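Here's a small set of exercises to work through with the viewer open. Try each task yourself before you read its solution.

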Amino acid sequence: MTVHPDIAKILATLPPGDGRRPDPVAARAAEQAHVPAPEDRLPLHAVEETTAAGVPVRIYTPVAAESYGLLVYFHGGAFFSGGLDTHDGVARSLARETGHRVVSVGYRLAPEAAYPAGLQDCYAVVRWAAENGDRLQWDGGNLAVAGDSSGGTFAAAVAALAHDEGFGRITHQILFYPSVDLDFDTGRYASLRDNAEGYGLETVALKPYNSFYLDSGADPSDPLVSPIKRQDLTGLPAALVITAEYDPLRDEGELYGQKLREAGVPATVRRYAGANHGFVVNFAWIPEYYQAFRDAGEFLNRR
């Protein structure tokens with residue numbers, strides 16, 4: 001399938017990538033300028049701003065109920081951008097389609113916060129959620145982690161970190177087009193070459209965009225930075241890995257799902273035809289791409 005025509009129209013308006021390092025302040029301001037007004041957002045039963053383990057969070061309650069499964073969500077943005085507002089639509093859609101109470105995490109960003117600050121924030125909120133089950137009306141069942149792009153990196157890393165620390169409460173991991181190999185070796189994955197340019201995220205931009213995180217101390221050879229480098233994947237939570245056909249990161253995400261299966265982890269990998277990187281944030285208004293949230297709901301509610 002070619003790129004979806006509605007996506008292609010937007011891509012045609014974008015300048016080619018130049019490989020320059022972005023200005024974090026300008027990039028964040030540009031993202032914030034596109035945040036929908038509150039009245040234009042998907043309505044839910046309740047949305048609450050609070051802190052969890054000292055980390056800003058936004059808690060989304062889909063409907064009134066006595067109890068809920070929990071889903072802790074980590075936004076994308078190459079570790080230096082994105083936030084509770086820019087990814088509010090993703091969190092709302094996850095809450096509605098999964099029926100879970102969603103805790104979206106406003107973790108610290110590079111370059112202001114050096115590695116592993118962001119990862120520590122994400123893990124701390126997951127532990128907080130488990131420890132505050134009564135407050136969150138947790139039903140004691142699902143405690144899932146989810147993330148898109150670099151948020152998917154954090155979701156995979158948090159699942160591994162929890163496993164290694166003997167914290168066995170995480171039941172599922174949902175990875176939307178995750179970045180799981182941060183050395184960006186173009187010889188390793190065909191998608192880094194085949195989808196190198198013209199599809200929004202370009203291969204030439206990967207190193208400069210992720211440089212804030214890597215320069216802050218994140219080592220690409222560390223499995224908590226590049227989850228695909230973990231030698232033993234056994235015992236990790238069941239996984240749903242969603243990739244995009246026209247994404248430079250497609251192949252590493254799909255290989256990670258394959259490696260999870262080979263390690264005995266129940267893992268589902270679904271490639272979205274005609275989609276590009278970022279589609280659950282930018283193109284979920286297209287019905288066939290909103291389906292990714294329904295996939296997440298089916299995955300979490302499977303009996």
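**Exercise 1. The ring cluster**

Which residues do ring pairs link into a cluster?

Solution. Keep in mind that this is a predicted model. The cluster is made up of Phe79, Tyr107, Tyr115, Phe154 and Tyr213, joined through ring pairs. For the wider count, the structure holds 16 aromatic pairs.

**Exercise 2. Classify two ring pairs**

Work out the geometry class of the pair Tyr107 and Phe154, then do the job again for Tyr272 and Phe279.

Solution. Step one is to pick the right descriptors: a pair of aromatic rings is described by the distance of the centres and the angle of the planes.

Step two, the numbers for Tyr107 and Phe154: the centres are 5.0 Å apart and the planes meet at 85 degrees. Planes over 60 degrees apart count as edge-to-face, so Tyr107 and Phe154 form an edge-to-face pair.

Step three, place the partners. Tyr107 sits in the loop between S4 and H4, while Phe154 belongs to helix H5, so this pair ties together parts that are 47 residues apart in sequence. Tyr107 is buried at 4% relative accessibility, and Phe154 is buried too, at 2%.

Step four, the other pair: Tyr272 and Phe279 are 5.2 Å centre to centre with 35 degrees between the planes, which makes the pair tilted. Tyr272 is buried with 3% relative accessibility, and Phe279 is buried with 0%.

**Exercise 3. Hunt for cis peptide bonds**

Find where Pro111 and Pro116 are located, and give the omega of the bond leading into Pro111 and into Pro116.

Solution. Start with the bond from Ala110 to Pro111: it's cis, with omega near 0 degrees. Next, the bond from Tyr115 to Pro116 is cis as well, with omega near 10 degrees. Now locate them: Pro111 is in the loop between strand S4 (101-105) and helix H4 (117-131), and Pro116 is in the loop between S4 and H4.

**Exercise 4. Positive phi without glycine**

Ala53 has a positive phi although it is not a glycine, and so does Ser149. Is Ala53 buried or partly exposed? Is Ser149 buried or exposed?

Solution. Take Ala53 to begin with: its phi is about 55 degrees, and its place is the loop between strand S1 (46-52) and strand S2 (55-61). The relative accessibility of Ala53 is 49%, so Ala53 counts as partly exposed.

Then Ser149: its phi is about 55 degrees, and Ser149 is in the loop between strand S5 (138-148) and helix H5 (150-164). With a relative accessible area of 13%, Ser149 falls under the 20% cut-off, so Ser149 is buried.

**Exercise 5. Overall shape**

Why does the radius of gyration of the protein chain agree with a compact globule?

Solution. With 303 residues, a compact globule would come out near 19 Å; the protein chain has 18 Å, which agrees. The C-alpha atoms fill a box of roughly 50 × 45 × 40 Å along the principal axes. Now add the rest of the picture: the protein chain has 10 helices and eight strands, and 57% of its 303 residues count as buried. Among contacts with a separation of 6 or more, residues 24 or more positions apart account for 76%. Finally, check the charges: the mean positions of the 26 positive and 39 negative charges are 2 Å apart.

Key: Residues are numbered from 1 along each chain as its sequence is written. This is a predicted model: local features need pLDDT of at least 70, side-chain atom pairs count only at pLDDT 80 or more; totals for chains, interfaces and linings use all residues. Side-chain values use heavy atoms; hydrogens and water are left out. Helices (H or I, at least four residues) and strands (E, at least two) are DSSP runs, numbered from the N terminus. The radius of gyration is taken over C-alpha atoms; the globule rule is 2.2 Å times the number of residues to the power 0.38. Buried means under 20% relative accessible area, exposed over 50%, partly exposed in between (1.4 Å probe, protein chains only). Contact means heavy atoms within 4.5 Å. Lys and Arg count as positive and Asp and Glu as negative; His and the chain ends are not counted. The place of a charge is taken as NZ of Lys, CZ of Arg, CG of Asp or CD of Glu. Rings of Phe, Tyr and Trp (its six-membered ring) pair if their centres lie within 6.5 Å; planes under 30 degrees apart count as stacked, over 60 as edge-to-face and the rest as tilted.
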